[in-house]
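Let's take a walk through this structure together, beginning with a pair of packed helices and moving on to charged side chains. Have the 3D view ready as you read.

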Amino acid sequence: VIEQADVIVVGGGILGCCAALHLLDRGIENVVLVERDGLAQGTSHAGAGFIGKWAGGYVPQWTEEELEIEAYGLDFYRALAEDHGLDIGYKRNGNLWVATSDEAWKTHIEPIADNAGVPERQVLSPGEVQDITGIIPADGVVGGLLHPHGAQLSAPLAARAVASQAEERGARILSRRPIEGLRVENGRVTGVDTTLGPIAAEAVVLATGVWTNKLLEPHDVWLPMAPLTATRIITEPIGVPGSMPTLMLQEYSAIWLREAAGGLLWGCSYTSRPRREFVDTEVPERFDHLPLDAVFETQRAGVAASQTIPVLSRYQSMTVAQAAPAFTADLRALLGRVEEVEGLFVMTGDNEAGITHGPGYGRLIAELVVDGASGFVDADVFRPGRFEDRYRTVADVANAVEGSDSIFAIDASAS
Ligand SMILES: Cc1cc2nc3c(=O)[nH]c(=O)nc-3n(C[C@H](O)[C@H](O)[C@H](O)COP(=O)(O)OP(=O)(O)OC[C@H]3O[C@@H](n4cnc5c(N)ncnc54)[C@H](O)[C@@H]3O)c2cc1C
């Protein structure tokens, strides 16, 4: 007997979980989510859990669509934590950008301070930065810019909470069930083949992150995206206040930090291995054997930043996580129909913001699958085929990302 679904979502990271829940919202009854491994064990496992309005001047490539998606996501997670009472490690302490010199303020913070897309933003004095963070002495900074609605959460807990909501409402979540391939007949998707047999469906959403092209390859489709790794460290509890906003200090290798169980969680931009590890080699199923060079580079950024944040020199112990977000040349997601195969949709190109954008992307893809169009945002900017053949290799895409005027570029921290 062939298993049946109305829509199959492949991939149990944050994007796939959000797709499943929103498909139910749009009235699809028989949703099946199929995950190769456990839920949130891919890149979502490493997500640092910063959520905010990054399109409000922090990432200039993100405009009104992302801003709308971010506002939706912030509200979605607030409801998950506060209305549904789910433990996702949610704290709405705000997102704070800090500068240590007038020059850094001008280069890195002014575009955010000037961005009218986020009317609730606030400029903070050095004394206010000290008070709100509890770990940055006022004499080391010229000021800060606060987005008070910003928040933090645990990315894997959030993904699992979204999946459990979908399951409660009737979705079937099949973990440890790798997809071996798509079933396609006469240019139309008819389901997927899994290690435990086929599942039939008229629509399939691939939310398979950096593994998406592997599943598309037999169908002569290649999406221009580049897996570029990101790394984070978490220390033991070192007295970081639980009320601290998430922090961004561009001048120390674009360091980003937040409180995690009384310790510090941080990461930065880096150029060492394994940043481009998967530009020339295939992405493995798991990220646990990646080189650790970036961990040392991240520690060095912490040492440099300890001039401004002294607690960064006080930890003794740490855990690390590394994974590979999927980047695109214009830093916007790949969401929508795959033109070559009818009934097939993709949902990837997270550009290291999939936790923030996941709920909104889920809503958008559900509208595209069910209605063929979106009343939420302009779906055209995310159309997977928009690059035509401008980028032919993973290296082409990686070079475009690293040459972009953005926090994801190699020289992002130059100031
Ligand atoms: C260090 C780091 C820090 C980050 N910090 C933030 C942050 O603060 N805020 C933010 O918004 N974002 C952040 N991100 C980005 C965020 O983690 C990603 O954007 C997001 O997790 C991507 O989710 P995904 O569902 O697309 O991918 P994944 O989580 O990788 O999910 C894809 C899933 O597909 C499954 N799969 C693949 N192939 C198959 C197959 N053949 N059959 C079945 N299943 C399959 C995989 O096992 C995997 O579970 C960070 C990322 C990193 C690495």
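In this predicted model, begin with helix H3, residues 64-83, and helix H6, residues 155-168, whose axes come within 11 Å. Two packed helices are described by the angle between their axes as well as by the distance. Here the axes cross at roughly 75 degrees. Angles of 65 to 115 degrees count as roughly perpendicular, and H3 and H6 are therefore roughly perpendicular to each other.

Which residues make the contact between H3 and H6? On the H3 side, look for Phe76, Tyr77 and Leu80. Their partners in H6 are Ala158, Ala161, Val162 and Gln165. Sorted by character, the residues of this contact comprise six nonpolar and one polar, with no charged residue. The polar one is Gln165, because Gln is neither in the nonpolar group nor among the charged residues.

Now turn to the charged side chains. How many salt bridges does a search of the whole structure find? The count is 27. One of them pairs Asp25 with Arg169, with 2.9 Å between the closest N and O atoms. Asp25 belongs to helix H1 (residues 14-25), while Arg169 sits in the loop between H6 and strand S9 (172-174), so this pair ties together parts that are 144 residues apart in sequence. Are these two partners buried or exposed? Asp25 is partly exposed, with a relative accessible area of 45%, and Arg169 also counts as partly exposed, at 44%.

Another salt bridge links two strands. Arg183 in strand S10 (residues 179-185) and Asp193 in strand S11 (residues 188-194) are the partners, so the parts tied together here are 10 residues apart in sequence. The closest N and O atoms of Arg183 and Asp193 are 2.6 Å apart. Arg183 is partly exposed, with a relative accessible area of 28%, and Asp193 is partly exposed as well, at 26%.

Further along the chain, the side chains of Asp389 and Arg392 meet in a salt bridge with an N to O distance of 3.3 Å. Arg392 has 59% relative accessibility; exposed means over 50%, so Arg392 counts as exposed.

Finally, which residues are joined into one network by salt bridges that share partners? They are Asp75, Arg78, Glu82, Asp83 and Arg92. To find this network in your view, return to helix H3, which spans residues 64-83: Asp75, Arg78, Glu82 and Asp83 fall within that range.

Key. Residues are numbered from 1 along each chain as its sequence is written. This is a predicted model: local features need pLDDT of at least 70, side-chain atom pairs count only at pLDDT 80 or more; totals for chains, interfaces and linings use all residues. Side-chain values use heavy atoms; hydrogens and water are left out. Axes are lines fitted to C-alpha atoms, for helices over the stretch in contact, and angles run from 0 to 180 degrees between N-to-C directions. Helices (H or I, at least four residues) and strands (E, at least two) are DSSP runs, numbered from the N terminus. Angles under 35 degrees count as roughly parallel, over 145 as roughly antiparallel, 65 to 115 as roughly perpendicular and the rest as oblique. Contact means heavy atoms within 4.5 Å. A salt bridge is a side-chain nitrogen of Lys or Arg within 4 Å of a carboxyl oxygen of Asp or Glu. Buried means under 20% relative accessible area, exposed over 50%, partly exposed in between (1.4 Å probe, protein chains only).
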